[in-house]
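This briefing sets out the principal features of the model shown below. The points are grouped by topic for reference at the bench.

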Amino acid sequence: MTGYGWSGHSLGQAYKSECPPDIIETGGFQVSNSDHVFIDLNPFIAEKAGLEEDLYPGLLRVARHNRMLPGLPIEVSPPLIMYNKAMFDRAGLSYPEETWTWDDMVTLAKQLTIRDGQGVASQFGFGLGADIEWFEPFVMRNGGSYISSDGSTARGYVDSPTTIDAFRRIIDAYRVQHIIRKPGEPSSAIDQHDESAMTFCFAWDIPHYKLDGRYGVIGFTKMPGVPLHKRA
């Protein structure tokens, strides 16, 4: 069995080659089957006990094309936080530990943000892109959610107190604590991967870093929100 990741032209060449891939990772793009490239996976998920229940019904509706299921809406890429050991060492700060909280992170990030007399940063305490996908792990860690478990509605979830609280904390990190670079904000950092002392990323982003011992990996901070399944 061979597999292949999504990369446009090279994917097309691989499909037409003498050894085409058995599995294609589409990188999150929705696919159709007008060229009859894919087999129907509906029978596959029907025969695997519990598999269909593990997938959001809403995702399956989007993934199906004319009732045929050309691909599974699954991407496993754990979120994590990378930290630059040299930046911590220069500041004389201890590396974060698994027991750290959101407030611990903010305190460290303030100490690790460096700005010149004009307010232009050469180093930010925390790196986080302005992307709702990247905000979601913090929302979930705080006990919130964007949508219901069956994917049918966002009402009562994206506007829940715990979700709003997580968003407020992220927004404050940009606007109040100034520990994250705002979109379009100037920075004098030479290398964008060395711009922040701590950086949120998914596991697929790790190859962009030179893992030569300069970086450590830490899990998400503890958040104060109460998970939905633990509420009275």
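At 22% relative accessibility, Asp-172 counts as partly exposed. The structure is a predicted model, and Asp-172 belongs to one of its salt bridges, with Arg-168 as the partner. The protein has 8 helices and 7 strands, and 34% of its 232 residues are buried.

**Salt bridges**

- The count of salt bridges comes to 5.
- In general, side chains of opposite charge can pair when their charged atoms come close.
- Between Asp-172 and Arg-168 the N to O distance is 3.6 Å. The two residues are 4 apart in helix α8, which means that about one helical turn separates them. Arg-168 is partly exposed, at 46% relative accessible area.
- Glu-195 and Arg-181 form another salt bridge, with their closest N and O atoms 3.2 Å apart. Both residues lie in the loop between α8 and β6, so the pair ties together parts that are 14 residues apart in sequence.
- Within this pair, Glu-195 counts as buried at 12% relative accessibility, whereas Arg-181 counts as partly exposed at 32%.
- Asp-103, Asp-165 and Arg-169 are joined into one network by salt bridges that share partners.
- In that network, the side chains of Arg-169 and Asp-103 meet at 3.9 Å, N to O. Arg-169 is in helix α8 and Asp-103 in helix α6, so their salt bridge ties together parts that are 66 residues apart in sequence.
- Arg-169 is partly exposed, with a relative accessible area of 21%.

**Strands and sheet**

- Five strands make up an open sheet in the order β4-β5-β6-β3-β7, and their pairing is mixed.
- Its edge strands are β4 (114–115) and β7 (215–218), each of which pairs on one side only.
- Strands β3 and β6 run antiparallel and are joined by 5 bridges. Leu-80 stands opposite Cys-201 in β6.
- Strands β4 and β5 also run antiparallel, with 2 bridges between them. Here Ile-114 stands opposite Gln-123 in β5.
- The hairpin of β4 and β5 has 5 residues between the strands, and in this hairpin Gly-119 takes a positive phi near 90°.
- By contrast, β5 and β6 run parallel and are joined by 3 bridges. Phe-124 has Ser-196 as its bridge partner in β6.
- Strand β5 (residues 121–127) is largely enclosed by the rest of the structure, because 6 of its 7 residues are buried.

**Nonpolar cores**

- In soluble globular proteins, nonpolar side chains tend to be buried together.
- The largest nonpolar core in this model has 32 residues, and those with the most contacts inside it are Phe-88, Met-105, Phe-126, Leu-128, Phe-138 and Met-198.
- Two or more residues of this core come from each of β3 (79–84), α5 (85–91), α6 (102–112), α7 (132–141), α8 (161–175) and β6 (196–202). Helix α6 gives the largest share, 6 residues.
- Leaving aside neighbours within four places in sequence, Leu-128 is in contact with Trp-134, Phe-135, Phe-138, Ile-170, Tyr-174, Ile-180 and Phe-200.
- Another core, of 7 residues, lies apart from the largest one and includes Leu-41, Leu-51, Leu-55 and Ala-63.

**Surface and long-range contacts**

- The accessible surface of the protein is about 14200 Å², and 55% of it belongs to carbon and sulfur atoms.
- Tyr-56, Leu-59 and Ile-147 form a nonpolar patch on the surface, with about 230 Å² of accessible area together.
- Ile-147 is placed in the loop between α7 and α8. With a relative accessible area of 30%, Ile-147 is partly exposed.
- Of the contacts between residues at least 6 apart in sequence, 63% join residues at least 24 apart.

**Positive phi in loops**

- Asn-66 has a phi near 55°, a positive value in a residue other than glycine. Asn-66 is found in the loop between α4 (57–63) and β3, and is exposed at 69% relative accessible area.
- His-178 likewise is not a glycine, yet has a positive phi of about 55°. His-178 is placed in the loop between α8 and β6, and is partly exposed at 33% relative accessible area.

Notes
Residues are numbered from 1 along each chain as its sequence is written. This is a predicted model: local features need pLDDT of at least 70, side-chain atom pairs count only at pLDDT 80 or more; totals for chains, interfaces and linings use all residues. Side-chain values use heavy atoms; hydrogens and water are left out. A nonpolar core is a set of buried Ala, Val, Leu, Ile, Met, Phe, Trp, Tyr and Cys residues joined through side-chain atoms within 4.5 Å. Buried means under 20% relative accessible area, exposed over 50%, partly exposed in between (1.4 Å probe, protein chains only). Contact means heavy atoms within 4.5 Å. Patches are made of residues with over 30% relative accessible area and no salt bridge: like charges are joined within 9 Å, nonpolar side chains (Val, Leu, Ile, Met, Phe, Trp, Tyr) within 5 Å. Accessible areas come from the Shrake-Rupley method with a 1.4 Å probe; for residues, only the protein chains shown count as cover. A salt bridge is a side-chain nitrogen of Lys or Arg within 4 Å of a carboxyl oxygen of Asp or Glu. Two strands pair if DSSP finds at least two bridges between them.
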